[in-house]
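Here is a short tour of one protein chain. Look it over, then read on.

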Amino acid sequence: MKLASLKHGRDGQLVIVNNTLTQMVSAEDVAPTLQYALDNWDSVSSALCERYQQLESGNIESKAFDQSKCASPLPRAFQWADGSAYVNHVELVRKARGAEMPDTFWTDPLMYQGGSDSFLGPRENIIMPQDEGFGVDFEAEVAVITGDVPMGVSADEALKHVRLVMIMNDVSLRGLIPGELAKGFGFFQSKPSSAFSPVAVSPDLLGDKWQNGKLHLPLVSHLNGEKFGEPHAGIDMTFNFGQLIAHAARTRPLSAGSIIGSGTVSNKLNDGPGKPVAQGGVGYSCIAEIRMIETIQNGKPSTPFMKFGDKVNIEMFDDKGLSIFGQIAQTLEQQ
């Protein structure tokens with residue numbers, strides 16, 4: 001099934017959306033919000049699935065679905081933790097600043113806990129209070145929403161707790177990251193509000209594209225109308241979502257409605273850095289990665305971070321070319 005939250009109050013109004021993202025039907029009598037559905041998954045999920053099937057078959061009255069009226073599926077969440085499953089991305093970051101990458105990065109995931117109280121809607125602008133010196137960047141990622149996850153869960157068992165899959169834009173302020181990391185206490189100001197896709201999708205609806213805790217499709221990003229990247233989310237993912245969830249739950253349980261991100265989707269090319277789309281490569285899922293490659297190859301970056309008025313679009317398509325999660329479409333705007 002496909003679920004979305006229309007903008008309504010703090011936590012949205014849950015609706016069920018058809019596969020082509022053209023029609024919707026209210027779920028209010030079953031679960032008024034997505035968080036309610038996740039808290040009561042065992043008792044409401046079958047009713048939600050049944051209504052999705054009625055919507056797909058045309059056996060229930062529906063309304064047109066407008067992605068611009070959506071909040072993120074969870075407008076706020078009890079927990080948002082972002083991993084860095086594509087170690088190729090991490091390796092490039094460190095290489096660009098002349099730092100060696102510890103061997104443990106290949107066996108122990110990186111993860112930070114982000115702010116989850118003010119997610120942006122998928123069509124809401126990124127508003128920054130400062131000049132462009134913040135180094136605003138987008139990061140195209142895959143994310144999952146979990147049910148209740150017990151502490152100490154194994155990676156295999158953790159996958160059983162994945163309720164829904166989304167895509168996202170994890171906004172990063174590259175100009176603030178070095179100073180924060182130098183303090184030795186992690187991200188805070190450098191990680192403003194993230195945005196998630198209009199629609200969250202149950203893993204069963206993804207069919208064989210959801211295998212072994214990975215989503216096996218390209219994630220497509222455009223910057224100012226030009227294709228910036230289409231790396232494959234199922235390739236070069238060192239840690240699958242089972243491993244990421246197990247890492248997050250190693251010393252504490254996760255509550256229903258926890259969101260776990262994959263980190264920036266990134267592909268290698270012949271065991272080296274990937275090429276831009278314009279050069280026949282699959283491109284990148286963030287500006288920082290192409291800047292890293294420019295630094296490695298030319299000694300300095302030449303691609304600028306986002307400027308006010310720049311537009312980013314993030315989307316994923318099935319084999320028939322249909323949008324699976326809807327489109328994230330945001331413009332960088334000065335406060």
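Which residue follows helix 7, and what is the sign of its phi? The residue is Gly-299, and its phi is positive, near 90°. Keep in mind that this is a predicted model.

**Helix 7**

Helix 7 covers residues 287-298, 12 residues in total. From its first C-alpha to its last it reaches 16 Å, close to the 16 Å expected at 1.5 Å a residue. Its buried residues are Ile-287, Ala-288, Glu-289, Ile-290, Met-292, Ile-293 and Glu-294.

**After the helix: Met-306**

Move on to the loop between helix 7 and strand 22 (311-315), where Met-306 lies. Is Met-306 buried or exposed? Met-306 counts as buried because its relative accessibility is 1%, and the cut-off for buried is under 20%. Leaving aside neighbours within four places in sequence, Met-306 is in contact with Glu-132, Val-136, Asp-137, Phe-138, Leu-223, Ile-287, Val-312 and Leu-332. Take Leu-332: it is 26 residues from Met-306 in sequence, and the two C-alpha atoms are 7.3 Å apart in space.

**The sheet**

Five strands form an open sheet in the order 8-23-22-17-18, with mixed pairing. Strand 8 (126-128) and strand 18 (226-229) are the edge strands, each pairing on one side only. From one strand to the next, the twist averages 25°. Strand 17 (residues 220-223) pairs with strand 18 in the antiparallel sense, over three bridges. There, His-222 has Lys-227 of strand 18 as its bridge partner.

**Aromatic pairs**

The count of aromatic pairs comes to six. Phe-138 and Phe-228 form one that is edge-to-face: 5.4 Å centre to centre, with 75° between the planes. This pair links distant parts of the chain, 90 residues apart. Phe-138 is in the loop between strand 9 (136-137) and strand 10 (140-146), while Phe-228 is in strand 18. Both rings belong to buried residues, as the table shows.

| Residue | Relative accessible area | Status |
|---|---|---|
| Phe-138 | 0% | buried |
| Phe-228 | 12% | buried |

Elsewhere, ring pairs link Trp-80, Phe-119 and Phe-196 into a cluster.

**Nonpolar cores**

In soluble globular proteins, nonpolar side chains tend to be buried together. Here, the largest nonpolar core has 71 residues. Which of them touch the most other members? They are Val-165, Met-316 and Phe-325. Not counting residues up to four places away in sequence, Val-165 touches residues including Val-142, Val-199, Trp-210, Leu-215 and Phe-325. A second, separate core has 30 residues, among them Leu-3, Trp-41, Leu-55 and Trp-80.

Technical notes:
Residues are numbered from 1 along each chain as its sequence is written. This is a predicted model: local features need pLDDT of at least 70, side-chain atom pairs count only at pLDDT 80 or more; totals for chains, interfaces and linings use all residues. Side-chain values use heavy atoms; hydrogens and water are left out. Two strands pair if DSSP finds at least two bridges between them. Helices (H or I, at least four residues) and strands (E, at least two) are DSSP runs, numbered from the N terminus. Axes are lines fitted to C-alpha atoms, for helices over the stretch in contact, and angles run from 0 to 180 degrees between N-to-C directions. The expected span of a helix is 1.5 Å times one less than its number of residues. Buried means under 20% relative accessible area, exposed over 50%, partly exposed in between (1.4 Å probe, protein chains only). A nonpolar core is a set of buried Ala, Val, Leu, Ile, Met, Phe, Trp, Tyr and Cys residues joined through side-chain atoms within 4.5 Å. Contact means heavy atoms within 4.5 Å. Rings of Phe, Tyr and Trp (its six-membered ring) pair if their centres lie within 6.5 Å; planes under 30 degrees apart count as stacked, over 60 as edge-to-face and the rest as tilted.
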